[in-house]
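Here are some worked exercises to try with the model open beside you. Have a go at each task before you read its solution.

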Amino acid sequence: MSNVLVWIIWFLAAGGCLATGVAVVSVTNPFYSALALIGNLASLAVLYLLLAAEFLAAAQVLVYAGAVMVMFLFVVAYLGGRADAPWAGGPPLLRAAAVVAAAALLVEVVVVVGLAWGDNLQEPAEVSDSFGSPAEIGELFVTSHLLAFEITSIVLLVAAIGGVVLGTTPEKEEAE
Amino acid sequence: MDGPDIGWYLIVAALLFGIGALGVMMRRSPLIVLLSTEIMLNAANLTLIAFARQQGDLDGQIFALAVMAVAAAEVAIGLGLIVAMARRRIVLDVDQASALRG
């Protein structure tokens with residue numbers, strides 16, 4: 001793929017990613033926020049593809065933009081009008097502090113990236129075509145990262161049980 | 001590598017993280033706060049994957065997958081909490097739901 005084409009795709013994906021991110025935070029209706037996050041996740045998947053992470057890009061679209069966001073949309077639909085809270089909270093001073101804190105985080109990261117740019121961010125390692133393919137990721141998961149794989153499955157199991165417990169109405173409340 | 005340097009990906013990730021942090025700190029609806037947390041987690045994932053590409057080492061991608069699983073777990077619990085709050089007729093506003101009492 002030619003260099004210019006990659007740059008064009010990168011710009012579209014990065015721009016879409018940032019625009020939908022701003023939309024998630026700024027839109028009042030939670031339903032539109034969730035839809036914007038789906039766009040955000042999809043454009044991130046494009047960036048993952050450019051970084052030779054094919055399996056992760058597929059997992060991002062299937063697991064995140066698919067399953068997780070469907071869960072979100074169901075809850076938004078279940079809550080209906082009750083999901084709408086005022087846009088921002090607290091006294092104006094707190095809101096200004098939030099903006100300053102977020103800007104400080106951003107400036108810190110950008111400065112660190114800028115300082116490291118000349119030294120070691122310019123020449124990425126040469127990778128084979130199979131870098132990031134499902135076969136390589138899968139092999140790592142059952143060899144050197146087996147423990148992480150098993151712990152992940154336990155985390156998901158605990159979360160599933162927790163979700164059921166939280167979603168079950170206690171008996172005494174049903175009587176009311 | 002064709003296209004932009006890794007640094008450009010890191011800048012995009014930093015911007016995304018800032019947007020997400022702003023959302024968490026400013027919005028009052030717990031649903032939007034959860035969505036903003038997702039943006040922050042995904043910004044971290046983008047950095048992990050960018051550095052994995054830079055180093056030519058797949059460990060970063062494995063870590064990113066683990067983050068994805070933790071994010072899915074977090075959404076399940078968070079949405080469960082929000083539904084439980086709605087059932088008990090607690091106002092869905094993170095500024096008002098400040099007492100952790102059953």
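Throughout, contact means heavy atoms within 4.5 Å. The model is predicted, so local features need pLDDT of at least 70 and side-chain atom pairs count only at pLDDT 80 or more, while totals for chains, interfaces and linings use all residues. Residues are numbered from 1 along each chain as its sequence is written, chains are lettered from A and ligands numbered from 1 in the order in which they are written, and side-chain values use heavy atoms, with hydrogens and water left out.

**Exercise 1. A residue in a helix**

Find the place of A:V24, decide whether A:V24 is buried or exposed, and list its contacts beyond four places in sequence.

Step 1. A:V24 sits in helix α1 of chain A; helices here are DSSP runs (H or I, at least four residues), and strands (E, at least two) are too, numbered from the N terminus.

Step 2. Buried means under 20% relative accessible area, exposed over 50%, and partly exposed in between (1.4 Å probe, protein chains only). With a relative accessible area of 0%, A:V24 is buried.

Step 3. Leaving aside neighbours within four places in sequence, A:V24 touches A:S33, A:A36 and A:L37 in chain A, and B:R27, B:I32, B:L35 and B:I39 in chain B.

Step 4. Now widen the view to the helix. Buried residues of α1(A) include A:W10, A:C17 and A:V25, and what covers the buried residues includes α2 of chain A together with α1 (6–26) and α2 of chain B.

**Exercise 2. A second buried residue**

Which residues does A:L44 contact, leaving aside its neighbours within four places in sequence?

Step 1. Start with the location: A:L44 belongs to helix α2 of chain A.

Step 2. Its relative accessibility is 0%, so A:L44 counts as buried.

Step 3. The contacts are A:C17 and A:Q60 from chain A, plus B:L16, B:N42 and B:L46 from chain B.

**Exercise 3. The two chains together**

Describe the contact between chain A and chain B by its residues, area and polar pairs.

Step 1. Chain A brings 86 residues to the contact and chain B brings 74 residues.

Step 2. Buried area is the accessible area (1.4 Å probe) that two parts lose on being put together, summed over both. For chain A and chain B this is about 7200 Å², with carbon and sulfur atoms giving 76%.

Step 3. Six residue pairs between chain A and chain B are in polar contact (both at pLDDT 80 or more). A polar contact is a pair of N or O atoms within 3.5 Å; within protein, one must be able to donate a hydrogen and the other to accept it, and residues adjacent in sequence count only if both atoms are side-chain atoms.

Step 4. On the side of chain A that touches chain B, α3(A) gives the largest share, 13 residues.

**Exercise 4. Helix span and backbone**

How many residues of α2(B) are buried, and what is the phi of A:A52?

Step 1. Helix α2 (residues 30–55) of chain B has 26 residues and reaches 38 Å from first C-alpha to last, close to the 38 Å expected at 1.5 Å a residue; the expected span is 1.5 Å times one less than the number of residues.

Step 2. Of those 26 residues, 19 are buried, leaving α2(B) mostly covered.

Step 3. After α2(B) comes B:G56, with a positive phi near 65 degrees.

Step 4. A:A52, in the loop between α2 and α3 of chain A, has a positive phi near 60 degrees although it is not glycine. Most residues other than glycine have a negative phi.
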